[in-house]
Amino acid sequence: MEFKAGALLEKIEYPADLRKLKEDELPEVCKELRQYIIDVVSQKGGHFGASLGVVELTVALHYVFNTPYDQLVWDVGHQAYGHKILTGRRKDFHTNRIYKGISGFPKRKESEYDTMGVGHSSTSISTALGMSVAAKYKKEKDRHVVAVIGDGAMTAGMAFEALNHAGIAKSNLLIVLNDNCMSIDPNVGALKEYLTDITTSHTYNKVKDEIWNLLGKISKFGPNAQEIVSKIENGIKTTLLKQSNLFESLNFRYFGPIDGHDVIRVKKVMEDLKDIPGPKILHVLTTKGKGFKFSEEGNQTVWHSPGLFNKETGEITKVVPKEPQPPKYQDVFGHTILELAEANPKIMGITPAMPTGCSLNIMMKAMPDRAFDVGIAEQHAVTFSAGLATQGLIPFCNIYSSFMQRAYDQVIHDVAIQDLKVIFCLDRGGLAGSDGPTHHGAYDLAYFRCIPNMIVSAPMNEEELRNLMYTAQLDEIKHPFSIRYPRGNGVMPDWKKPFAKIEIGKGRKIKSGDDVAILTIGHIGNEAVKACEQLAKEGVNAAHYDMRFVKPLDEELLHEVFSKYNKVITVEDGCIMGGMGSAVLEFMVDHNYTAQVKRLGIPDAVIEHGEQKELYAECHYDNKAIVDAVIDILGVKRKALSA
Ligand SMILES: Cc1ncc(C[n+]2csc(CCOP(=O)(O)OP(=O)(O)O)c2C)c(N)n1
């Protein structure tokens, strides 16, 4: 599908084409680029508000800097659509996030302009510092390195670790702080308040303006620019700014705040900054969703990633199903934690910057003193939860499976070794879909299974999720407890049944059968249910067990399985190495059973983006692949399907 670009954008394949344009043509380029993003995203979906907010920044950066020789590093990368369009991918942009299409994030394999693959936040300053130290070491004096980081991403410890290092590394590095006061939800924390303070402080801005007046003249001085800046620093800047500016205190030269939607001004400032050595930070104020009435004025959280919409009316496309639909797992979590918290005053809720994404916002609204958005700070979220647990409270710490990777040491050091009862709810477990490899929750079953004291569970449906959450908070449970579930909908329209306790380490038999045993964990078990129905048509009578727990394993169930069957299939929406199937194999060997075991799950490979069902099929564990695996392991011929 071809989307029509405006007359100027049409001429730009690569940034070199952009650089041929006159400065006064840049506002028009921005207009056309913005329109192009609106046209495509409204029809094809994807992240939206963030890319609209950085259109001017994107154009100015590629105009001023000599990309790809100069290294441009985007943080998170969900805002890099304009960058993609200006760097050789305009014609492919309609395939954004679609199976086999281009990635929704910068990706090294995709383009030399994507200097670093991203998806998780707050990595850009570290990456850029590495690049600039390398440039210094290699004596590439003319090479510039720029990191673009949002105020949300700036809340993470990793960003501060990098600032701390960059402040003494003395290499050339420009950090553009794109401050729009938003994370996905409104940004939180003291840093956000600080950024608002320096944006609005009169004393601070008066001094800053004087500096800017001087800096405005710098470009005319050419090589003497450095000397002039030193003089400024030795004067008012060191006395007042160092005392009052966080970044100056960390040895950064701080510039701004400036209007990030005035492309000419942004361009001029960046040109000036090019001549100034050392670590610099340019504070740019932008509006998320800028230039599209409905996102600019509407709910910015919704417009972060709205799905398809009508670009004329701003109406977000809703498919209204005929039948009642099962709820999303995340909403079941959101309603259930509130219900449990109403009955149990010890329960607290914690999310690192995903209140809408994980639906903790339901509890945050009802119980603001008991539910916390701690910013993009997974490590802190885990140890903060551990702190709460030491005081006898019961924290439910909800973190997407892939973001939990950030907090692995905290889980081991601050929760498991202390044997504290923190309940981890891991949303987006398994293949996450169009966000791609950075967001797939591929590893949690494997990486939690090996941690002492940890209970590792996964519900097959909404009712099980509720019951696991209910069970985890009961006083008799004394250990860390993890419950993982996938992105998207469950399977039960009628899910809100009274709570029932689940016995720890107990699976359940879903279906009896004589020929083969299929063992599943979590939601993917529903694919096995379908597979068993198809297998019945093939004349194969398969048994199906839902393991529910990867740890502790249901040994009684496994003794039954290995005593009865010599053909076993394990299925999990997680990495094959080290996951549930591995646990089953270990059990088999440890107990001297012999059986032919085929493990289905995510292979040892980077799985790209696509719809979940496309990826399940690619990784061979959707219902069809389960049927194939059974037919294969039994060595039988197909009847119904081949007929
Ligand atoms: C480690 C990690 N945690 C959470 C997220 C989910 N996430 C994606 S974008 C985003 C908000 C980023 O805010 P900001 O950096 O201010 O950029 P903006 O969207 O406002 O442009 C969050 C929390 C993530 N990508 N990585």
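**Close-up 1. Helix α6 and its cover.** In this predicted model, α6 is mostly covered, with 8 of its 9 residues counted as buried. The buried set is made up of Tyr81, Gly82, His83, Lys84, Ile85, Leu86, Thr87 and Arg89. Look around the helix and you'll find that its cover includes α1 (7–11), α2 (15–19), α3, α4 (49–53), α5 (55–64) and β1 (71–74). One of those buried residues, Tyr81, turns up again in the view of Arg97, which touches it.

**Close-up 2. Helix α3 and the glycine after it.** Helix α3 runs through residues 26–44, and it is one of the elements covering the buried residues of α6. Does its length add up? How far apart should the ends be? With 19 residues at 1.5 Å a residue, the helix should span 27 Å, and the end C-alpha atoms are 26 Å apart, so the two values agree. Right after α3 comes Gly45, with a positive phi near 85°.

**Close-up 3. Arg97 in its loop.** Arg97 sits in the loop between α6 (81–89) and α7 (124–137). Is this arginine buried or exposed? Its relative accessible area is 13%, and the cut-off for buried is under 20%, so Arg97 counts as buried. Setting aside residues up to four places away in sequence, Arg97 touches Gly46, His47, Tyr81, Ile102, Ser103, Gly104, Ser434, Asp435, His609 and Gly610.

**Close-up 4. Val76, just ahead of α6 in the view.** Val76 is in the loop between β1 and α6. Its phi is positive, about 65°, although Val76 is not a glycine. With a relative accessible area of 15%, Val76 is buried.**Close-up 5. Two cis peptide bonds.** The bond from Thr67 to Pro68 is cis, with omega near 5°. Pro68 belongs to the loop between α5 and β1. The bond from Gly256 to Pro257 is also cis, and here omega is near -5°. Pro257 is part of strand β4, which covers residues 253–259.

**Close-up 6. The ligand and its shell.** Which residues come nearest to the ligand? Of the 22 residues around it, these are His78, Gly152, Met182, Lys288 and Glu378. For His78, a polar side-chain atom lies 2.7 Å from an oxygen atom of the ligand. Asp151 also places a polar side-chain atom by a ligand oxygen, at 3.3 Å. With Ala153 the backbone does the job: one of its N or O atoms lies 2.9 Å from an oxygen atom of the ligand. On its own the ligand exposes 580 Å², and the protein buries 97% of that. Sorted by class, the shell holds 9 nonpolar, 9 polar and 4 charged residues.

**Close-up 7. Ser359 and its partner Asp331.** Ser359 lies in the loop between α16 (355–358) and α17 (361–366). At 3% relative accessibility, Ser359 counts as buried. Leaving out neighbours within four places in sequence, Ser359 is in contact with Gln330, Asp331, Gly334 and Met354. With Asp331 there is a polar contact too, 2.6 Å between the two side chains. For a sense of scale, take Pro277, which is 82 residues from Ser359 along the chain: their C-alpha atoms are separated by 45 Å.

**Close-up 8. Gly581 in helix α25.** Gly581 is found in helix α25, residues 580–590. How accessible is Gly581? Its relative accessibility is 0%, so Gly581 counts as buried. Beyond residues up to four places away in sequence, Gly581 touches Thr570, Glu572 and Arg599. Leu519 is 62 residues from Gly581 along the chain, with 8.5 Å between the C-alpha atoms of the pair.

**Close-up 9. Asn592, after α25.** Asn592 is in the loop between α25 and β17 (596–602). Its phi is near 55°, a positive value in a residue other than glycine. Is Asn592 buried or exposed? The relative accessible area is 69%, so Asn592 counts as exposed. Val76 also has a positive phi without being a glycine, but Val76 is buried.

Notes. Residues numbered from 1 in each chain as written. Predicted model: local features only at pLDDT ≥ 70, side-chain atom pairs only at ≥ 80, totals over all residues. Heavy atoms only, no water. Helix = DSSP H or I, 4+ residues; strand = E, 2+ residues; numbered from the N terminus. Expected span 1.5 Å × (residues − 1). Buried < 20%, exposed > 50% of the residue type's maximum accessible area, 1.4 Å probe, protein only. Contact = heavy atoms within 4.5 Å. Near = heavy atom within 4 Å. Polar contact = N/O pair within 3.5 Å; in protein donor to acceptor, adjacent residues only side chain to side chain. Areas by Shrake-Rupley, 256 points an atom, 1.4 Å probe, with all protein chains shown as cover. Nonpolar A, V, L, I, M, F, W, Y, C, P; charged D, E, K, R; others polar.
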